[in-house]
Amino acid sequence: MQEQVAIIVGAGTSGLAMAACLSQQSIPYIILEREDCIASIWKKYSYDRLHLHLAKEICELPYMSFPASYPKYVPKNMFTQYLDDYVSHFKISPMYQRNVESSEYNEVSKRWFVKARNASSGEVEIYCAKFLVVATGETTNPYIPEVEGLNTFTGEVLHSTQFKSGKDFKNKNVLVVGSGNSGMEIALDLANHGAKTSIIIRSPIHILSREMMDFARILVKYLKPSLLDSLVVMLSKLVYGDLTKYGIRRPAEGPFYMKRMYGKYPLIDVGTCKKIKSGEIQVLPTEILNIRGNDIIFKNGKSHPFDTIVFCTGFKRSTNLWLKGDDYLLNEDGLAKPNNPNHWKGKNGLYCVGLLQRGFYGASTETQNIANDIKSIM
């Protein structure tokens with residue numbers, strides 16, 4: 001058994017930021033990471049055309065800015081290089097291929113005991129520490145919903161984490177299921193490469209441009225949230241017009257209200273709307289009823305044949321399966337239960353980072369708060 005001061009679970013962006021903040025306070029730590037690299041969602045499980053949707057200055061990790069030469073909206077390859085440089089700068093050395101199977105707090109020793117299976121040796125290793133930081137992220141385990149007849153589908157079925165580029169799908173009929181930012185951008189990439197693209201958009205969504213998001217980031221300091229929402233919705237209507245004729249409805253609640261209340265991000269349009277209006281991307285405002293061979297039957301009674309289905313249906317977190325004895329910090333879906341601003345702190349030296357759907361900026365603040373809190377207790 002190896003005793004530590006702090007154990008970080010997860011070497012994604014939140015885990016790396018946590019490591020840097022602990023280093024700045026001279027607090028010893030280890031990072032346990034189930035994959036064989038840092039930030040695997042970026043390095044292994046994201047599509048080629050991915051860029052940061054927000055300006056680089058609000059996406060940088062603590063204590064290290066992006067290089068001045070980087071563009072405002074950083075592409076995937078530059079972002080992963082930044083992360084590699086971050087790891088080198090702060091001398092972060094994750095312990096890779098350690099899949100945490102359980103963690104439990106011992107009242108007698110006042111320590112967290114963590115069991116992790118070493119994928120290389122197959123052995124279970126035990127670590128203990130006074131502090132435990134859950135930094136496993138929002139994008140943990142790819143989720144594909146149960147669909148009747150999916151096992152009969154004769155084409156290719158992918159999750160968004162398996163999609164790389166639309167170039168392999170030219171002239172194919174492709175259905176994108178899920179209309180979050182990944183779904184909309186994957187649909188765009190497919191259409192750009194000549195795929196016959198359809199996307200299911202069954203819920204009302206807010207569509208904003210990058211410029212609108214930048215504008216809102218400035219105005220949030222001066223306007224009430226409700227007024228900011230009204231202004232941004234008005235701008236969206238002016239830029240995109242009435243989208244109901246294309247099968248897209250706007251929610252009654254404002255985009256930033258929905259982000260605060262439900263963790264639902266507005267869609268950042270990078271060209272998808274233009275393709276929808278031109279007919280290059282068809283919107284299906286319905287749900288799948290069942291699948292028979294390559295025919296997909298929808299709840300509106302229509303059916304269409306497809307060659308490929310790309311499920312952009314998000315992720316499930318597995319923290320509740322291995323984190324024992326916590327009924328305060330995380331909910332059943334592995335997200336933070338307490339409200340901002342104290343959502344990052346649990347009981348008995350337990351913390352979480354990057355689990356309140358507040359993006360890079362939120363995680364950066366959380367990691368600095370956690371490091372300061374640990375330092376004050378030590």
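## Arg117 and its salt bridge

Let's start with Arg117, which is partly exposed in this predicted model because its relative accessibility of 34% lies between the 20% and 50% limits. Its partner is Glu101: the two residues form a salt bridge in which the closest N and O atoms are 2.6 Å apart. This pair ties together distant parts of the chain, since Glu101 belongs to strand β3 (residues 98-106) and Arg117 to strand β4 (residues 111-118), with their positions 16 residues apart in numbering terms, that is, 16 residues apart. Glu101 is likewise partly exposed, at 33% relative accessibility.

## Other salt bridges

If you like charged pairs, there is plenty to look at: the count of salt bridges comes to 16. Through shared partners, Glu57, Lys72, Asp214 and Arg217 are joined into one network.

Lys44 is another residue to click on, as its side chain takes part in a salt bridge with Glu35 at 2.8 Å, N to O, and in a salt bridge with Asp36 at 3.2 Å, N to O. How exposed are these three residues? Lys44 has 28% relative accessibility and counts as partly exposed. Asp36, at 47%, also falls in the partly exposed class. Glu35, by contrast, counts as buried because its relative accessibility of 15% is under 20%.

## The five-stranded parallel sheet

Now for the sheet. Five strands make up an open sheet with parallel pairing, and their order is β7-β16-β8-β9-β12. At the edges you will find β7 (156-159) and β12 (281-284), each of which pairs on one side only. On average, neighbouring strands of this sheet are turned by 20° against each other, with direction ignored.

At one edge, β7 pairs with strand β16 (residues 308-311) in the parallel sense, over four bridges. To find your place along this pairing, look for Glu156, which stands opposite Thr308 in β16. Helix α4 (residues 181-192) packs on the sheet, where it touches β8 (173-177), β9 (196-200), β12 and β16. The direction of α4 makes about 165° with that of β9. As a general aid when viewing side chains here, those in a regular strand alternate between the two faces of the sheet.

## A hairpin with antiparallel strands

Strands β13 (residues 288-292) and β14 (residues 295-298) run antiparallel and are joined by four bridges. Within this pairing, Ile288 has Phe298 in β14 as its bridge partner.

What lies between the two strands of the hairpin? There are two residues, and in this hairpin Gly293 takes a positive phi near 65°.

## A nonpolar patch on the surface

Finally, have a look at Met234, Leu238 and Val239, which make a nonpolar surface patch of about 320 Å². Leu238 sits in helix α6 (residues 225-240). Is Leu238 buried or exposed? With a relative accessible area of 66%, Leu238 is exposed, because that value is over 50%.

Technical notes
Residues numbered from 1 in each chain as written. Predicted model: local features only at pLDDT ≥ 70, side-chain atom pairs only at ≥ 80, totals over all residues. Heavy atoms only, no water. Pairing = 2+ DSSP bridges. Axes fitted to C-alpha atoms, helices over the stretch in contact; angles between N-to-C directions. Contact = heavy atoms within 4.5 Å. Patch = residues over 30% accessible without salt bridge, like charges linked within 9 Å, V, L, I, M, F, W, Y side chains within 5 Å. Areas by Shrake-Rupley, 256 points an atom, 1.4 Å probe, with all protein chains shown as cover. Salt bridge = Lys/Arg side-chain N within 4 Å of Asp/Glu carboxyl O. Buried < 20%, exposed > 50% of the residue type's maximum accessible area, 1.4 Å probe, protein only.
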